[in-house]
Amino acid sequence: MGNTDSVVAQKRLARFRPDERPVIEGTFDRLHGAGSSASSGKTGKVLSLDLFKMTMGKMASESMIKRVFHGIHSIDPEVPLPPGDGVSCEQLVIFLADILRGTAEERAPLVLAMAEGAKATATTPEQIRGFVEDLVSAAVQTLAHRGHLRGWQPDRMADGHQGVKLMAEHLTSELKSSDQNTCDIPCLEDWLFRIPAMAMFLELLIGEGLGVGLPSRPPPTLLPPCRYAPWSDLRCLLNLPLLMFLSPQLPAGLTAPWRLLFSTNIHGESFTRLVANCKSRGPTVMLVKDTKGHIFGGFASQSWEVKPQFQGDSRCFLFSVSPYMRVFTCTGYNNHYMYLNQGQQTMPNGLGMGGQHGYFGLWLDCDFGNGHSRARPRCTTYGSPQLSGDEDFKLDTVEVWGVGQPPEEQEQDEKKKSILDADPEVQAMMEMTGKTLHSQGLREPEEDEG
């Protein structure tokens, strides 16, 4: 940007590493060159809305692209702007810096402009929700277009469009609007500061949509990997927005690929099969759909085990998916996190989470097909309301996913680690063997996924 007097743009550019600044500076000319054969030199050149549509058209809807354009166009670079309705190089640099390296304070005016228009001073929660729907939809579209689905197959999953609407409602439910039901810039600053998902969606769309690849900051990973699911026979309850919602709620150490353990669509309506497939399998996510269309479930932080006592720990939680997305974490009132029993005469037989016997936050009876969600007014363990359509509900679908490392794999890894820790010579030998194999071209070097 040696030929610009925009101090604002120069300061923003200084946020990037020296090797990344040419990427940011070159984005304008690269985009402009893709749309015309204009001569070099930035003076008088602008990027049109049609050029943004051509560049981002496979990753975002037309309405979202217009929002991005209006956001860039709203920026005051504190230098004269070229004539025309396009955006200047200085405006684009400031926008990229604020989206990719900015704070909530800097992003808030851009979100306001993208939701309401360039000259707006406030907006409404409904307008923000419309913006978020467009943004989440664009994030899903971008992941699909770039091939970043990580083993998931959207065509064999639940309705993604409904998932987008539910995700947008969830995110905007955290807005603290005024008594007049308006959202000004301080309101949006507070919201963006508390909801990190918004920054991730914006980074993904702008970075991938405009082709801005930064070595120090790869695109956000919004989906967990999927290792196993019989997709040809499965129509699962999950969709991509729901995965984006659930994955960040799990404990930070759970990075193992998700794997399907049980689905009524595949394994039938059998409590015995459910127990056999899920016990001793590590942490799990269970989803339940009742015959009224409500979808809800729970995260079990430990392996399910058949016993007459409660189990689990405070990392467990319940959640609702439809008609609204919410997570309900433990209250500390009691430790009734998980319960699984079968074939007992004196204790309840079934699977439960939260509450107490006869009044679980989520209960599946051993007489498969029946369950309850009793909260009067809230589940004592998780603070959740009634999750099902009726207090006593009929099952439509049950689905369980393993989300942690299977215990047998964890045990093998721990044994290997203990051997290495106990015998440095073995460790040195394994390292030397690895180097030898690599030098002979028999093993690829390990890559850092981060």
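Here is a friendly conversation about a predicted model, from one arginine to the aromatic rings and nonpolar cores.

Student: Which helix holds Arg-101, and which residue makes a 3.2 Å polar contact with its side chain?

Tutor: Let's begin with the helix: Arg-101 belongs to α5, which covers residues 89–101. Setting aside neighbours within four places in sequence, Arg-101 has contacts that include Phe-16, Glu-20, Leu-96 and Arg-217. One of these partners also makes a side-chain polar contact of 3.2 Å with Arg-101, and that is Glu-20.

Student: What distance separates the C-alpha atoms of Arg-101 and Leu-13?

Tutor: Along the chain, these two residues are 88 residues apart. In space, the C-alpha atoms of Arg-101 and Leu-13 are separated by 9.8 Å.

Student: How is the aromatic pair of Trp-152 and Trp-401 arranged: stacked, edge-to-face or tilted?

Tutor: The whole structure has 13 aromatic pairs. In this one, the centres of Trp-152 and Trp-401 are 5.2 Å apart, with 55° between the planes. Stacked needs under 30 degrees and edge-to-face over 60, so the pair of Trp-152 and Trp-401 is tilted.

Student: Where in the chain do Trp-152 and Trp-401 sit, and how many residues apart are they?

Tutor: Trp-152 is in the loop between α7 and α8, while Trp-401 is in strand β14. The pair links distant parts of the chain, with a separation in sequence of 249 residues.

Student: Are Trp-152 and Trp-401 buried or exposed?

Tutor: Buried means under 20% relative accessible area. Trp-152 has 3% relative accessibility, and Trp-401 has 0%. Both values fall under that cut-off, so Trp-152 and Trp-401 count as buried.

Student: Which strands does the pair of Tyr-339 and Phe-360 tie together?

Tutor: The ring centres of Tyr-339 and Phe-360 are 5.9 Å apart and the planes are at 35°, so this pair is tilted. Both residues are buried. Tyr-339 and Phe-360 are 21 residues apart in sequence, and their strands are β10 and β12.

Student: Which residues join Trp-152 and Trp-401 in one aromatic cluster?

Tutor: Trp-152 and Trp-401 are also among the residues that touch the most other members of the largest nonpolar core, which has 96 residues. Trp-258 is on that list too. The aromatic cluster joins Trp-152 and Trp-401 with Trp-231 and Trp-258.

Student: How many residues are in the other core, the one with Trp-304?

Tutor: In soluble globular proteins, nonpolar side chains tend to be buried together. Apart from the largest core lies another, with Trp-304, Phe-328, Met-353 and Leu-364 among its members. The number of residues in this other core is 29.

Conventions. Residues are numbered from 1 along each chain as its sequence is written. This is a predicted model: local features need pLDDT of at least 70, side-chain atom pairs count only at pLDDT 80 or more; totals for chains, interfaces and linings use all residues. Side-chain values use heavy atoms; hydrogens and water are left out. Helices (H or I, at least four residues) and strands (E, at least two) are DSSP runs, numbered from the N terminus. Contact means heavy atoms within 4.5 Å. A polar contact is a pair of N or O atoms within 3.5 Å; within protein, one must be able to donate a hydrogen and the other to accept it, and residues adjacent in sequence count only if both atoms are side-chain atoms. Rings of Phe, Tyr and Trp (its six-membered ring) pair if their centres lie within 6.5 Å; planes under 30 degrees apart count as stacked, over 60 as edge-to-face and the rest as tilted. Buried means under 20% relative accessible area, exposed over 50%, partly exposed in between (1.4 Å probe, protein chains only). A nonpolar core is a set of buried Ala, Val, Leu, Ile, Met, Phe, Trp, Tyr and Cys residues joined through side-chain atoms within 4.5 Å.
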